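Subject: A structure for you to explore

Hi,

Here is the structure I promised to pass on to you. Have a look at it first, and then read on.

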Amino acid sequence: MNQRHLTSDQRTRFVQAVIELKRMGGYDKYVTLHTKYFAADGESGLRVAHMAPTFFPWHRQFLLAFEKDLRMLDPTVTIPYWDWTYDRSTTSALWGSDFMGGNGRDSDGQVMTGPFAYQAGNWPITYGVTEEKYLTRNMGRPDRPIVLPTKTELSGALSMATYDTAPWNSAPGTKGFRNKIEGWTVSETKGGYLHNRVHQWIGGHMIGASSPNDPVFWLHHAFIDLIWVRWQRQHPKSPYLPAHALGAKDAQHGRVISADEPMPPWSVKPSAVFDHRKFYTYEEN
């Protein structure tokens, strides 16, 4: 469901389940898991969460696992999505004191409002790439201002008929839909990059491998998942690529996962999660 249509009770239930999972010690495993599988082009070994074709299916399985944990605490809870082409303001209800809380303060980026503010006592940062024990944000990045992606930019990406292309990474030569949405290499001054720009726009803990420290991560990635659904509907004959395991002589052999190879850490094949309807449906409005 679009987060903007949640009732007050639904917002409260989602927040309470997330906080309870954190209190129980179950939340931070997702922070460490995302960090572990955040491998870049220049690193050796397998790329699975980012800069690879599995960006979409890996994060779908990640969302499924997280939602399952939340629903064990409250069966009514589902992960809402944030359509950042529509709710583009720092004053959106998304950032209200009853939901995600607001921006970080100027002095140190510390989020001071909402249930995930450090001073509320429920959200210590226990695993991050920096030393802060409090959640940080820097919305809009005032020192180098950026804006959230637009409907036009998203439509342009959705029009791309090819899922992914060799060399299956974040290089400019990788021209497919996946790399366009994930968005690593396009100049900020020229625009065009989408998923990463949202992380950069929020700033603070949303930048980098430990980005699930900010609970808005889940709402952002739920929308990324919906974008994949929209692309599949628009291009029903365009498959996930690579369809088959890369040969031993391929430079990307052992670095990317094809449709029917298992994704760590779950040993779930991308093909097993291609159809979201086996797990959930989307209420789009």
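Below is what I found, going from one helix to the core and then to a single arginine.

Please keep in mind that this is a predicted model.

Let's begin with helix H1. It has 16 residues, and its first and last C-alpha atoms lie 22 Å apart, close to the 22 Å expected at 1.5 Å a residue. Several of its residues are buried, including Phe14, Val15, Val18 and Leu21. The buried residues of H1 pack against H2, H3 and H7. After H1 comes glycine 25, which has a positive phi, near 90°.

H1 also carries some charged pairs. Arginine 13 and aspartate 9 form a salt bridge with an N to O distance of 3.2 Å. These two are four residues apart in H1, so about one helical turn separates them. Arginine 13 is partly exposed, at 32% relative accessible area, and aspartate 9 is partly exposed too, at 46%. A second salt bridge joins glutamate 20 to arginine 23 at 2.5 Å, N to O; this pair sits three residues apart in H1, again about one turn of the helix.

Now compare lysine 22 and aspartate 28, whose closest N and O atoms are 3.0 Å apart in a salt bridge. Are these partners buried or exposed? Buried means under 20% relative accessible area. Aspartate 28, at 16%, therefore counts as buried, and so does lysine 22, at 8%. Salt bridges with shared partners also link Asp9, Arg13 and Asp74 into one network.

Next, the nonpolar core. The largest one has 72 residues, and Trp82 and Trp218 touch the most other members. H7 gives the largest share of this core, twelve residues. Among the residues that tryptophan 218 touches are Tyr27, Phe62, Phe66 and Pro212. Helix H3 is mostly covered, with 15 of its 19 residues buried.

Finally, my favourite puzzle: arginine 255, in the segment after helix H7. This arginine is buried yet has no salt bridge. How far away is the nearest side chain of opposite charge? That side chain belongs to aspartate 41 and is 6.0 Å away. A salt bridge needs the two atoms within 4 Å. What does the side chain of arginine 255 reach instead? One contact is the backbone oxygen of aspartate 41, at 3.0 Å, and another is the backbone oxygen of glycine 45, at 2.6 Å. Arginine 255 also touches other residues, including Ala40, Ser44 and Leu46.

Enjoy exploring!

Technical notes: Residues are numbered from 1 along each chain as its sequence is written. This is a predicted model: local features need pLDDT of at least 70, side-chain atom pairs count only at pLDDT 80 or more; totals for chains, interfaces and linings use all residues. Side-chain values use heavy atoms; hydrogens and water are left out. Buried means under 20% relative accessible area, exposed over 50%, partly exposed in between (1.4 Å probe, protein chains only). Lys and Arg count as positive and Asp and Glu as negative; His and the chain ends are not counted. A polar contact is a pair of N or O atoms within 3.5 Å; within protein, one must be able to donate a hydrogen and the other to accept it, and residues adjacent in sequence count only if both atoms are side-chain atoms. Contact means heavy atoms within 4.5 Å. A nonpolar core is a set of buried Ala, Val, Leu, Ile, Met, Phe, Trp, Tyr and Cys residues joined through side-chain atoms within 4.5 Å. The expected span of a helix is 1.5 Å times one less than its number of residues. Lists of a residue's contacts leave out its neighbours within four places in sequence.
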